[in-house]
Amino acid sequence: MVSRKKHMTLGPDDLNAVFSSMAEGLLVVDASRNIAALNQVGGILLRVAPVQAVGAPIADIFKLYRIEQNKRTPWPLDNLIKLDFTRVHIWDHVYCENKVGKLFPLTLMATPLLKAGSMNGAVILFRDATDEARVDLAKSDFVAVASHQLQTPLTAMKLFAEMLDQDTGDLTAQQRKEYQQLLRSSVERMIKLVNEMLNVSRLEAGALRIQPQTTDPVAFLRQIIKELEPIAKEHACALAFVEPPKPLRPIPIDANLLSQVLFNLVENAMRYSTGRACRVAVSCENKPADRTYVFRVADNGIGIANADKKRIFSKFFRADNARKLQSNGSGLGLYVVKMIVEAWGGQIWFTSREGAGSAFSVSIPSRGMKARKGTKQLSK
Amino acid sequence: MQIQGTILLVEDDDLLSRAYRDGLEKAGYSVMTATDGAEAEKILQEVKPDLIVLDLVMPVKNGFDVLEDMQKRNAEYRSVPVVVLSVLAERSDVERARSLGAVDYLIKSQFSMEEVISRISYHLRTTREEK
């Protein structure tokens with residue numbers, strides 16, 4: 001004989017407990033469009049006591065809207081009442097105004113209430129979708145800003161190509177060469193921008209691969225400085241490596257990631273020093289009290305205005321003085337740098353005075369970077 | 001070649017500024033350039049161009065602010081036609097620029113150099129005929 005374990009059977013009181021325990025709002029509406037039931041979560045979201053809601057017309061309690069281009073239009077409740085009973089109905093991007101006037105996005109799901117084979121109203125599940133709406137907005141903002149950023153080099157490419165293409169012999173050989181170079185600069189700018197955007201999406205996906213190997217930080221920095229020297233020359237910049245007073249113990253470092261961060265910081269230091277006697281100093285020291293190694297890039301460039309300091313690591317942010325000096329820039333560099341540093345367990349900070357220069361510091365735990373089996377590597 | 005008119009080109013991107021400047025000069029216009037709205041206004045205090053080509057997204061002072069300030073100036077400056085040349089393609093941006101007095105709104109990626117020049121020359125002609 002098969003033994004059956006005792007199981008819970010639900011009576012009417014237990015069903016109330018189930019309704020009350022649900023994480024979503026539950027609303028039952030009858031065929032005359034009056035509320036037949038509302039659970040506690042629903043009451044909290046709509047700011048109405050469930051007992052008071054029961055019997056009230058749904059239109060009084062459940063005020064729904066669509067919002068398009070900042071314009072609010074009522075969302076017809078007929079959508080919830082006149083249901084096709086062969087399927088579940090789900091709606092996103094519907095807004096609800098609750099009893100205290102708060103407007104928030106909802107995700108709604110409705111099914112017909114069937115009794116004795118006929119439709120007697122509807123069962124409506126709903127939840128606050130504020131977080132999802134925020135993510136959606138961030139995504140669409142990214143697409144809007146990204147497409148704006150991409151259009152500038154694309155337009156430049158188009159214009160220079162057109163000028164070369166439609167030349168009927170007016171251009172001198174030197175002008176032709178110059179336009180070809182400008183076309184190439186536009187393409188390179190575009191490639192850089194696309195790579196930066198790809199890096200952002202890889203980092204935001206949280207799947208960055210970190211492969212540390214025991215590395216002598218001082219030898220590593222000497223190498224980096226050597227690689228940066230041609231760029232320093234281009235910018236007529238004096239690049240110096242300030243060696244630490246004591247040798248540093250080798251620690252696990254992902255050389256690709258650290259060099260990407262340092263390249264970015266040093267290039268920024270040089271780019272935003274143009275027109276001055278540019279000096280950039282790179283240093284590294286052990287901070288035993290904080291159990292970190294700190295790498296520092298200091299410059300005597302244009303600095304960061306106090307008003308811009310809070311936003312300097314924000315995605316796509318470019319300070320006015322930086323844009324004025326270098327129109328070309330995505331506003332993604334420092335955002336990417338911060339994400340990389342935080343991924344390896346470090347921190348990034350800066351000190352700066354407008355017109356006097358900036359110093360950016362990044363830390364690595366003195367035990368080294370922790371390996372991470374991510375799937376993504378970054379483009380340079 | 002005879003100068004067709006003086007144009008103030010306000011564009012912060014160095015590559016685009018170079019391209020539009022060369023294109024306009026080749027078409028016979030004399031071109032002054034500014035890299036942001038504040039620089040443009042400084043030039044406008046000294047010189048009155050026949051037409052302004054104005055970008056919108058710029059550092060220091062953006063194109064909408066320039067349009068707003070031009071509205072507040074005397075009638076002589078308000079009569080300078082402004083052609084907006086921007087990557088912004090939202091209807092609300094077009095409507096805002098138009099309401100602030102821009103005579104035309106060209107979306108950069110959608111117009112070739114030839115088309116930009118032809119629109120500019122049309123507005124210069126119309127402004128001259130109205131005078």
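1. Two strands are taken to pair if DSSP finds at least two bridges between them, and helices (H or I, at least four residues) and strands (E, at least two) are DSSP runs numbered from the N terminus. On that basis A:Thr107 has A:Arg127 in β7(A) as its bridge partner, and strands β6 (residues 103-115) and β7 (residues 118-128) of chain A run antiparallel, joined by nine bridges.

2. The model is predicted, so that local features need pLDDT of at least 70 and side-chain atom pairs count only at pLDDT 80 or more, whereas totals for chains, interfaces and linings use all residues. Residues are numbered from 1 along each chain as its sequence is written, while chains are lettered from A and ligands numbered from 1 in the order in which they are written.

3. Chain A has 12 helices and 14 strands. Buried residues, meaning those with 20 or more other C-beta atoms within 10 Å of their own (exposed: 12 or fewer; partly exposed: in between; C-beta atoms placed from the backbone), make up 32% of the 380 residues in chain A. Two residues are in contact if their C-beta atoms, placed from the backbone, lie within 7 Å; among such contacts in chain A between residues at least 6 apart in sequence, 61% join residues at least 24 apart.

4. The seven-stranded sheet of chain A is open, with antiparallel pairing in the order β2-β1-β7-β6-β5-β3-β4. Its edge strands are β2 (35-38) and β4 of chain A, each of which pairs on one side only. From one strand to the next the twist averages 40°, where axes are lines fitted to C-alpha atoms (for helices over the stretch in contact) and angles run from 0 to 180 degrees between N-to-C directions.

5. At the β4 end of that order, β3 (residues 63-68) and β4 (residues 71-74) of chain A run antiparallel and are joined by four bridges, with A:Ile67 standing opposite A:Arg72 in β4(A). These two strands form a hairpin with two residues between them, and A:Gln69 in the turn has a positive phi of about 50°. β3(A) also pairs in the antiparallel sense with β5 (residues 89-97) of chain A, over three bridges, and there A:Tyr65 has A:Tyr95 as its bridge partner.

6. A five-stranded open sheet, with mixed pairing, has the order β9-β11-β12-β14-β13 (chain A). Because β9 (238-242) and β13 (348-353) of chain A stand at the edges with a single partner strand each, one side of each is left without a neighbour in the sheet. The twist here averages 15° from one strand to the next. The partnership of β13(A) with β14 (residues 357-365) of chain A is antiparallel over six bridges, and A:Arg353 stands opposite A:Gly357 in β14(A).

7. Helix α9 (residues 255-271) of chain A lies across β11 (279-287), β12 (292-299) and β14 of chain A, and runs at about 20° to β12(A). A nonpolar core is a set of buried Ala, Val, Leu, Ile, Met, Phe, Trp, Tyr and Cys residues joined through C-beta atoms within 7 Å; the largest has 44 residues, and A:Val261, A:Val266, A:Val280, A:Val297 and A:Ile340 have the most contacts inside it. The elements that give two or more residues to this core include α9, β11, β12 and β14 of chain A. When residues up to four places away in sequence are not counted, A:Ile340 touches A:Leu203, A:Leu257, A:Gln260 and A:Val261.

8. Apart from the largest core lies another, of 42 residues, among them A:Tyr179, B:Val10, B:Ala102 and B:Ile120. Between the chains, 18 residues of chain B are in contact with 18 residues of chain A. Helix α1 (residues 14-26) of chain B gives the most to the side of chain B that touches chain A, with seven residues.

9. Two local environments in chain A deserve a separate look. A:Ala319, in the loop between α10 (306-309) and α11 (320-325) of chain A, is buried because 22 other C-beta atoms lie within 10 Å. Leaving out residues up to four places away in sequence, A:Ala319 touches A:Ile304, A:Ala305, A:Asp308 and A:Ile312; A:Ile304 is 15 residues from A:Ala319 in sequence and 7.4 Å away in space, C-alpha to C-alpha. A:Asn306, found in helix α10 of chain A, is exposed, with 10 other C-beta atoms within 10 Å, and its C-alpha atom is separated by 7.5 Å from that of A:Glu354, 48 residues apart along the chain.
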